Amino acid sequence: MVGASFSHYRVVRKLGEGGMGEVFLAEDLRLERHVALKFLPVHIASDPHALARFDREAKAAAAVSHPNIITVHEIGVSEGKPYIAMAYVEGHSLSEVLRERRLSVGKSVDIVSQACEGLAEAHRNGVIHRDIKPANLHIDHSGRVRILDFGLALRSHLTKITQEQVAVGTVEYMSPEQATGGRVDERSDIFSLGTLLYELLAGKMPFEGPHTAAVIFAITTLEPTPLRQLNPAVSPALASVVERALQKDPAQRYASAAEMAAALRAAGGSEARIERIKRRHRRTAIRTGLALALALALFTGWKLYPRSGESIAVLPFANISDEPEQQYFVDGMTEAITTRLAQIDKLVVISRTSAMHFQKTDKTIREIGRELDVGWIVEGSVTRYGNQVRITAQLIDAKKDQHLWAQEYKANDVTDLMDVQSRIAAEIARQVSVHVKPEDQARIDAVQTRHAEALDVYLQGRERFNRRMPADITAALDYFNQAIAIDSTFAQAFAGIADCYTVRAMWNWDTSQNTFPRARYASERALQIDPMLAEAHASRAMVQLYYDWDWKAAEVSFKTAIGLNPNYATAYHWYGLALMSLGRYGDARDKLERAVRLD
């Protein structure tokens with residue numbers, strides 16, 4: 001073959017071969033360029049029905065143009081040999097790369113994310129691949145992935161595993177419906193992507209067996225070993241993406257490759273290509289909003305509106321344990337009680353960040369009450385020994401400096417601790433004669449987590465997040481990820497992850513492309529667990545606003561967040577920025593002044 005001419009091509013050298021033919025580097029004599037020339041096997045050339053199907057579907061594949069799909073220049077027949085002329089790109093197949101080394105988690109996700117993006121475009125054009133595997137993914141020297149061989153596995157009538165030519169080297173990546181000869185659509189490709197990603201992350205196939213029938217049985221019947229058991233470096237969010245892609249029922253998988261790509265990015269996957277123009281516009285909008293917010297705040301002199309007597313502040317609780325390093329836990333209890341009180345619609349609750357200014361102060365209760373403009377103050381102490389916690393809380397009339405109520409509580413485990421927080425909030429509301437509606441009480445009583453370790457690292461994350469410096473946000477993100485690794489139903493920890501990525505984007509510490517998709521995933525995961533979590537609604541609103549540019553959806557999410565927690569200062573702050581982006585400056589001023597009142 002080397003040196004031979006076919007049509008207007010001259011073969012230079014052999015590049016490789018597989019079950020579906022041989023590939024050669026060839027010179028296009030007309031356009032003076034190199035191409036990859038693939039000659040199809042004899043059994044296709046001798047079957048007119050298979051050749052007709054190949055011709056029809058190859059034309060469809062050639063019509064798909066995407067950076068992650070190899071470009072098809074031409075299909076034809078020369079000297080009785082059917083061939084495909086494709087763009088020649090230097091690099092290696094993924095199967096060749098895997099023979100040399102194991103890939104990192106980030107690189108593995110990057111490769112599969114790019115494959116998702118290419119398949120999404122193919123699916124939009126009605127083309128289903130049906131043979132995703134390492135040999136059909138080409139990686140060039142810059143790391144770009146290109147998908148090869150669209151549909152060839154089915155273009156020879158070999159639709160069932162019982163025909164050995166398809167089973168060899170392909171069976172392990174097939175979906176259950178493909179393996180049993182059922183109806184195949186784009187969700188079959190998604191299953192194959194899940195299989196491929198599992199293999200890259202785990203170092204082994206999810207479905208294995210000593211022979212083809214055993215592999216088919218595993219694919220259609222068995223569940224793979226949990227990914228994190230094989231590779232602890234895989235995050236729970238990423239493991240969840242793989243698990244969903246590998247669902248036996250196509251309806252339970254991702255509905256599209258684009259959806260799976262977004263989930264991978266949100267799970268901390270690839271460094272996706274940045275849309276530079278959009279990024280510039282997003283940064284400009286964010287900077288403008290922040291500058292206007294600061295100017296407005298300075299213009300109003302941080303003026304606080306007068307409040308009614310039903311306004312309250314929770315001062316930092318004292319740490320009277322023998323261990324100073326427990327301060328983060330004590331601060332967490334202060335924040336937890338503040339948050340539960342904030343669920344009560346009839347109370348105005350000052351934010352933790354405002355109250356924390358009085359952690360070490362010689363000011364009297366009257367002076368603090370005047371500065372915060374509140375009628376009531378809560379203070380207390382926390383003692384912790386292992387899992388044993390004792391909390392003392394007291395309520396003070398800020399104007400009279402008069403103690404109205406005090407109580408000591410003990411907790412032996414996390415469930416007890418959540419109950420104590422709820423009881424303190426409910427009792428304070430009763431003492432100040434505020435009616436607690438049933439829906440408020442339900443939010444007050446919500447259990448965050450039943451895992452002591454998850455709560456512990458979550459509180460450390462909140463302590464770091466509240467410092468708002470780049471290194472602290474990074475540390476907080478790590479703590480929140482640890483929390484969900486322990487308890488995958490910890491909604492507040494997912495909301496914390498979303499907040500970290502949102503803050504990174506707002507202050508230009510990272511790209512919008514790298515942060516907002518992750519914030520979206522984390523906020524939506526939080527809302528799947530707890531639809532009543534105000535923080536998650538506010539975080540999702542920021543994604544809708546500055547990434548999707550969906551103003552209406554963002555406003556709905558902001559209003560939902562404020563409705564669920566009328567004392568959540570951050571929601572008012574971010575909502576105010578959104579309104580300024582819309583040019584609704586009067587409404588923006590109202591929301592920002594409300595945020596200032598609370599924080």
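This passage describes aromatic ring pairs and a small set of paired strands in a predicted model.

A pair of aromatic rings is described by the distance of the centres and the angle of the planes. The structure contains 9 aromatic pairs. One of them joins Phe191 and Phe207, with ring centres 5.9 Å apart. Their planes meet at 15°, under the 30 degrees that marks stacking, so this pair is stacked. The pair connects distant parts of the chain. Phe191 belongs to helix 7 (residues 186–202), whereas Phe207 sits in the loop between helix 7 and helix 8 (212–221). The two residues are 16 residues apart. Phe191 and Phe207 are both buried.

A further pair is formed by Tyr458 and Phe480. Here the ring centres are 5.6 Å apart and the planes stand at 40°, so the pair is tilted. Tyr458 lies in helix 18 (residues 452–465) and Phe480 in helix 19 (residues 470–486). The pair thus links distant parts of the chain, 22 residues apart. Both residues are buried.

Ring pairs also join Tyr9, Phe24, Phe39 and Tyr83 into a cluster. Elsewhere, Arg462 lies over the face of Phe465, 5.1 Å from the ring centre.

An open sheet comprises 3 strands in the order 7-8-9, paired antiparallel. Strand 7 (91–93) and strand 9 (145–147) are at the edges. Each has a single partner strand, so one side of each lacks a neighbour in the sheet. The twist averages 25° from one strand to the next. Strand 7 pairs with strand 8 (residues 137–140) over 3 bridges. His92 has Ile139 of strand 8 as its bridge partner. Helix 4 (residues 105–124) lies across strand 8 and strand 9. Helix 4 runs at about 45° to strand 9.

Definitions and conventions:
Residues numbered from 1 in each chain as written. Predicted model: local features only at pLDDT ≥ 70, side-chain atom pairs only at ≥ 80, totals over all residues. Heavy atoms only, no water. Phe/Tyr/Trp six-rings, centres within 6.5 Å; stacked < 30°, edge-to-face > 60°. Helix = DSSP H or I, 4+ residues; strand = E, 2+ residues; numbered from the N terminus. Buried < 20%, exposed > 50% of the residue type's maximum accessible area, 1.4 Å probe, protein only. Lys NZ or Arg CZ within 6 Å of the ring centre and 35° of its normal. Pairing = 2+ DSSP bridges. Axes fitted to C-alpha atoms, helices over the stretch in contact; angles between N-to-C directions. Contact = heavy atoms within 4.5 Å.
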